[in-house]
Amino acid sequence: MANIISQMPGKIVEVTIKVGDKVTKGQQVCMIEAMKMQMPIMSTYEGVVKDIKIQVGQGVKKGDILMEIDNA
Amino acid sequence: MSKTIDNYNNRRSKILEMGGTKAIAQQHERGSLTARERIEYFFDPGTFTEIGLYVKHRTTAFGLDKKEIPAEGVIVGYGKVNGRLVVTAAEDYTTMAGTFGEYHGKKFSEAIDLAKNMGVPFVGMNDSGGARLQEGMDTLQCYAWLFRSQILASGIIPQIALIMGPCLGGQAYHPVMQDFLFQCKGSGRMGIAGPAFVKTQTGEDIDIDTLCGIEAHAVKSGETHVVCEDDRDCLDKTRELLSFLPDNNKIESRKLTYREIEDDPERVIPDLDTVVPEEPYVPYDMHEVITRIIDNGHFFEIHRDFAQNVIVGFARFGGRPAGIVASQPMVAAGAIDCDAADKIARFVRFCDLFNIPLINLHDVPGYWIGSTEEWKGILRHGAKMIYAYIDATVPKITVVVRKSFAGAYTGMCCKDTGADFMFAWPFARICIVGAETAASIIFAREIKESDDPKAMKEKRIAEYRELFENPYCAAERGFIDDIILPGETRKNICRALELLENKTVARPWRKYSNINL
């Protein structure tokens with residue numbers, strides 16, 4: 001299992017996958033907005049989305065776990 | 001051959017053998033070159049002249065009276081690098097682990113004095129087991145000499161530190177206080193204390209690579225400027241960096257001729273429009289802009305792995321070396337946090353000290369706000385940049401690529417904080433704050449009391465955006481000298497640099513400004 005971590009603080013404006021989805025390395029999984037920028041967050045692992053810890057509108061800090069990927 | 005000459009040859013060859021074949025083999029097994037091999041690789045063939053070959057310690061305690069330490073574990077001298085003189089001190093790990101004793105320190109610090117007095121760059125090659133404790137306070141005194149020499153030379157000659165082996169303890173202040181620090185992967189380890197000392201004093205269990213390796217300093221602490229694969233890569237990169245720098249603070253870096261660069265200063269770059277998305281919230285890699293506008297795309301990046309939300313490094317425009325400071329929208333929105341501010345401030349100060357013009361590329365929403373950065377002191381860190389830019393007297397040219405808001409507009413060098421020329425691309429947004437924030441503050445009551453607050457808010461945002469969030473408003477007041485097509489950026493920078501070549505600035509005397517250190 002591996003975690004996808006937020007690289008910057010901000011607000012979640014979009015979640016582009018759901019639990020059970022297969023993701024590949026480099027695939028966008030959500031979008032964080034902060035400081036007038038929308039930063040796509042890419043999966044750094046290949047596997048199946050096990051848990052999504054965030055929802056649209058939620059604030060996150062740098063280093064927060066956004067989701068867990070299984071079989072990574 | 002006379003006995004005297006025979007004796008001379010024997011003595012000399014004995015010293016040149018360094019720590020002997022076994023120690024040299026061990027150095028090679030570690031994947032490192034010896035100090036003499038590094039010197040031979042670094043300098044133009046046959047140009048190195050050694051100084052102080054016969055210098056010897058005078059310690060008698062702990063059996064040192066019988067200990068031969070060839071050249072005192074540090075090889076000092078001068079030679080040519082691409083035809084230019086450079087002074088070096090190269091620590092020799094094969095000789096009593098390159099330990100730093102009284103005469104080792106004396107040789108090292110006198111080498112820096114020599115470089116300073118002769119006005120040529122200094123390159124230190126660090127590979128030392130640390131303080132020679134057998135010499136007690138004499139060693140400590142020499143650390144002080146070393147620090148004093150390098151700090152008194154700071155701002156007079158460029159100083160480059162190469163961490164090619166261990167450099168631990170108080171000795172590690174030495175490379176950190178030089179202008180640029182290169183660290184070799186695997187072999188280069190630097191720290192205020194090694195793992196054993198950390199364990200006994202604090203209980204922390206940590207291995208040397210994690211505590212003192214590349215990740216520790218090039219990514220986390222920001223003390224390492226350039227990461228190198230091995231010794232040869234490190235020496236190659238040092239030669240490359242030197243090509244951008246002048247010998248000393250009284251002269252300018254060498255300008256390459258048109259024949260040497262073969263890149264037209266007036267070159268128009270049609271595809272630059274496509275690199276930067278017009279939508280202000282879409283990230284992109286600013287390197288794509290930098291490499292297109294500079295001579296031959298040749299960019300020597302400093303701090304590539306640290307505070308990546310901003311980019312700094314050296315390049316040339318029409319053959320003239322320049323320092324580039326750019327936002328990186330791809331990382332943390334390109335907003336300036338404490339680390340990014342430190343990175344920019346020190347780079348700007350270096351360029352100013354050594355007569356290197358500065359090119360600033362803005363796509364910056366502001367300084368990072370919020371508790372994390374506030375409590376780390378973003379105001380005092382951010383202030384370093386403002387000090388550095390306003391204090392700097394070198395030519396400064398700023399281009400607003402897409403956005404330049406709020407404190408970051410002034411902090412990254414606008415006309416009123418020192419830019420000689422400021423240009424903006426047509427879709428630039430130059431503003432005190434974004435339209436959304438401004439409208440919601442100015443018209444807070446009106447929006448709240450409106451029958452349709454959402455529609456009213458959007459109307460007011462659109463009005464503010466139309467009025468202020470564009471380059472024309474700033475250009476009308478003269479904050480921007482010209483609004484230029486992206487493809488004409490290089491041409492405009494090169495023309496401005498030519499005009500600014502003989503720029504002079506007169507200011508009343510003071511000791512120095514009280515920068516927020």
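Two strands pair if DSSP finds at least two bridges between them. Keep that in mind for the first close-up of this predicted model.

**View 1. Strands β2 and β4 of chain A sit side by side as an antiparallel pair.** Strand β2 covers residues 10-15 and strand β4 covers residues 28-34, and 4 bridges link the two. Look for A:Glu14: across from this residue, in β4(A), you'll find A:Met31.

**View 2. Zoom out a little and you get an open sheet of 4 strands in chain A.** Reading across, the order is β5-β4-β2-β7, with antiparallel pairing. Which strands stand at the edges? They are β5 and β7 (59-60) of chain A, and each has a single partner strand, so one side of each is left without a neighbour in the sheet.

**View 3. Here chain A meets chain B, with 8 residues from chain A and 14 residues from chain B in the contact.** On the chain A side, strand β5 (residues 37-42) supplies the largest share, 3 residues. That side of chain A is made up of 6 nonpolar residues, 1 polar and 1 charged.

**View 4. Now for chain B, whose domain assignment lists three entries: domain 1 (3-244), domain 2 (258-433 + 470-502) and domain 3 (435-468).** How far apart are the C-alpha centres of domain 1 and domain 3 of chain B? The answer is 62 Å.

**View 5. Helices α4 (residues 102-118) and α5 (residues 137-153) of chain B cross at roughly 10°, and their axes come within 8 Å.** Angles under 35 degrees count as roughly parallel, so that label fits α4(B) and α5(B). Among the residues making the contact are B:Phe108 and B:Ile112 of α4(B), along with B:Trp145 and B:Leu146 of α5(B). Sorted by class, this contact has 9 nonpolar, 5 polar and 5 charged residues.

**View 6. A second helix pair in chain B brings together α14 (residues 338-353) and α16 (residues 378-391).** Their axes come within 8 Å and cross at roughly 20°. α14(B) and α16(B) are therefore roughly parallel to each other, and α14(B) passes α16(B) in a left-handed crossing. If you want residues to hunt for, the contact includes B:Ala341, B:Ile344 and B:Val348 of α14(B), plus B:His381, B:Met385 and B:Tyr389 of α16(B). The class tally for the contact of α14(B) with α16(B) is 9 nonpolar, 2 polar and 5 charged residues.

Notes:
Residues numbered from 1 in each chain as written. Chains lettered and ligands numbered in written order. Predicted model: local features only at pLDDT ≥ 70, side-chain atom pairs only at ≥ 80, totals over all residues. Domains from an automatic or database assignment. Contact = placed C-beta atoms within 7 Å. Nonpolar A, V, L, I, M, F, W, Y, C, P; charged D, E, K, R; others polar. Axes fitted to C-alpha atoms, helices over the stretch in contact; angles between N-to-C directions. Parallel < 35°, antiparallel > 145°, perpendicular 65-115°, else oblique. Left-handed = near helix turned anticlockwise from the far one by under 90°.
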